[in-house]
Amino acid sequence: MPIRGVFIAGALAVAAGCDAPAPGRHPFRGVFPSASPPAPETTVSREAPPSAVASERARCEARLEALRREPALPGAPGLEARRAEVLARAKHVPVLFRRPPAVSEAGGAEVAMYRATLERSAAPAWELIKLRRNLVNRPEVARALLLREGYLYAETPGMAAALSELVDLSLLFREPALRLERGAALLSVKRRGLGYEYADGPEAGEPAHLLLFDRVWVEGSDPGPPLHAELRPLSRALGFERMKVERLTGAGLVAELRYGDDWVPTALELRGAELSLGCELIPDGKRARVEAARALAARAESVLDLERAAVDELVRDALPFDEPRTEHGQQDGNLRPAWRFAYDHGWDYYRFNDDTYRVFDLRGRPMPPEVCIDFVTDTLERASGTWWRGRDAERARLTGGIDFDALDIDNRRSVDAFLRYARRRPEWFDVYDLAPEERAPFIQRAAFFSHLTEHAERYRPGDIIAIHGLRNDGEAHWHSFFVVEADPVTGVPTLLAGNAGHPRVQPWELVMRAAPLRSIKARVRPRLDWLEERLVGPKRVVAGDAPHGPSSPI
């Protein structure tokens with residue numbers, strides 16, 4: 001394809017103030033459904049006569065008592081004692097276990113020795129890196145060491161992070177076809193070249209990855225019934241904020257679910273890896289409050305569906321981080337103005353410091369380079385319908401419900417300037433600035449994760465987090481990202497979406513580890529009324545003008 005235009009750029013001054021790129025890309029698409037499951041009907045409607053309410057209450061009390069008489073399953077107390085930090089340090093789908101998966105007895109003394117080395121190490125990731133040389137081309141030994149009844153399972157934070165980052169399917173298998181159970185979803189995986197790819201599901205054709213608590217086995221074999229139950233569909237359907245498990249049995253759970261300030265005794269039915277609502281005992285006089293909390297959760301989830309879809313699109317597009325391949329001094333943030341000039345002038349390529357860059361990817365999708373705060377604003381804009389048309393359409397930036405170019409921000413590409421703007425618009429953003437004594441640097445992991453656990457209410461899906469502190473160059477740097485997932489049991493934020501190299505969804509461990517002296521500086525929460533006004537209703541457009549929007553209109 002001929003170069004239709006070239007833009008010779010110098011040092012365009014943009015105060016980006018974000019992370020330098022991190023190597024590699026860890027796709028994490030397909031985790032967020034396009035729309036929330038429909039909320040179930042409440043056990044008894046507000047219009048039900050008192051006799052029906054009393055009858056349903058008696059039935060539910062009987063069901064709860066029956067579950068309390070069922071033999072209790074042990075659960076996974078070792079995991080639950082460290083649940084918040086384990087889930088915050090490893091990519092996962094949140095689950096509960098009926099019992100811990102058992103370690104394999106295969107492999108004999110060799111595997112037992114490797115396992116003991118990993119378990120007693122203060123740095124299991126480093127030990128696993130050293131052990132890999134003994135596992136390469138020995139998948140049966142790798143499975144005996146690293147899988148427990150087919151599960152990628154860990155009960156300590158360090159081991160969870162190590163397994164999540166370093167164990168892949170090609171280390172564990174050579175067979176042509178596998179089955180992978182992720183939460184309640186069952187996926188087919190097939191061998192391609194030296195690795196594996198998804199054969200079905202939302203990531204069909206993409207490289208297949210293992211997440212913590214995934215279960216995998218060779219196609220055609222019988223793994224037995226699942227030991228886990230997925231939590232996310234239930235939490236999104238019911239709209240609860242926290243879960244406390246009182247009793248876990250083979251038939252179901254006795255739990256308390258929190259809606260706003262109210263805890264509701266609930267019977268949950270357990271079938272395979274799926275949990276569903278059996279019945280609930282809403283306290284007298286609190287039904288209206290519980291229903292209001294559920295309605296608010298449903299509104300927030302509808303907005304989050306749009307934001308997660310935009311995150312998914314940005315991850316899919318793999319937009320480059322705005323750092324030139326050749327730099328004269330610090331030139332992060334200079335590529336996007338050059339890209340925009342080339343796009344507006346109908347070019348397919350542009351140049352910066354004698355390097356050539358594409359305006360579109362090979363599929364014709366726009367490739368605007370991003371600094372970290374661009375990912376935040378791009379997500380909100382794209383969720384509202386604001387984005388650039390693809391190569392095969394007339395060049396234009398379509399404007400939806402949010403356009404940060406039209407707002408009076410000093411510099412929309414600076415984290416600090418974005419925070420200042422958010423503080424000036426309290427009707428749109430709720431900003432919490434952490435006091436100095438609250439700001440535990442990530443290098444102090446115990447204090448950092450203790451803060452997240454104690455203040456889980458402060459950080460919710462959809463929130464924007466700004467971190468600040470020294471990097472290894474001795475300079476203080478900003479970084480910003482979204483919270484996209486929280487644990488339904490502890491409420492702790494677990495998965496984050498941002499661009500520090502490429503758009504990706506990661507746990508805290510991978511986001512913070514690059515500069516462990518940094519700490520959380522501020523949290524920005526876009527207000528729900530503003531988001532509903534700006535995101536719900538405008539036509540969303542992806543590259544190439546293909547319509548895309550929520551599958552369940554509000």
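Select cysteine 279 to begin: in this predicted model the residue has a relative accessible area of 0% and is therefore buried, the cut-off for that class being under 20%. Add cysteine 60 to the selection, and this residue too counts as buried, at 0% relative accessibility. A disulfide joins cysteine 60 to cysteine 279, with an S to S distance of 2.2 Å, and the structure holds one disulfide. The pair links distant parts of the chain, since cysteine 60 lies in helix H1 (residues 50-69) and cysteine 279 in strand S11 (residues 274-280), 219 residues apart. If you display the torsion about the S-S bond, you will find about 85°, so the disulfide is right-handed.

Next, select strands S3 to S6, four strands that form an open sheet in the order S5-S4-S3-S6 with antiparallel pairing. Strand S5 (195-198) and strand S6 (215-218) stand at the edges, and because each has a single partner strand, one side of each is left without a neighbour in the sheet. Neighbouring strands here are turned by 30° against each other on average, direction ignored. Within the sheet, restrict the view to strand S3 (residues 177-182) and strand S4 (residues 185-192), which pair in the antiparallel sense over six bridges; arginine 179, for instance, has serine 188 in S4 as its bridge partner.

Finally, turn to the surface and select Ile443, Leu470 and Leu517, which make a nonpolar patch of about 270 Å². Of these, leucine 517 is found in the loop between helix H15 (508-512) and strand S21 (519-526), and its relative accessibility of 45% means that leucine 517 counts as partly exposed.

Terms used. Residues numbered from 1 in each chain as written. Predicted model: local features only at pLDDT ≥ 70, side-chain atom pairs only at ≥ 80, totals over all residues. Heavy atoms only, no water. Pairing = 2+ DSSP bridges. Helix = DSSP H or I, 4+ residues; strand = E, 2+ residues; numbered from the N terminus. Axes fitted to C-alpha atoms, helices over the stretch in contact; angles between N-to-C directions. Patch = residues over 30% accessible without salt bridge, like charges linked within 9 Å, V, L, I, M, F, W, Y side chains within 5 Å. Areas by Shrake-Rupley, 256 points an atom, 1.4 Å probe, with all protein chains shown as cover. Salt bridge = Lys/Arg side-chain N within 4 Å of Asp/Glu carboxyl O. Buried < 20%, exposed > 50% of the residue type's maximum accessible area, 1.4 Å probe, protein only. Disulfide = S-S within 2.5 Å.
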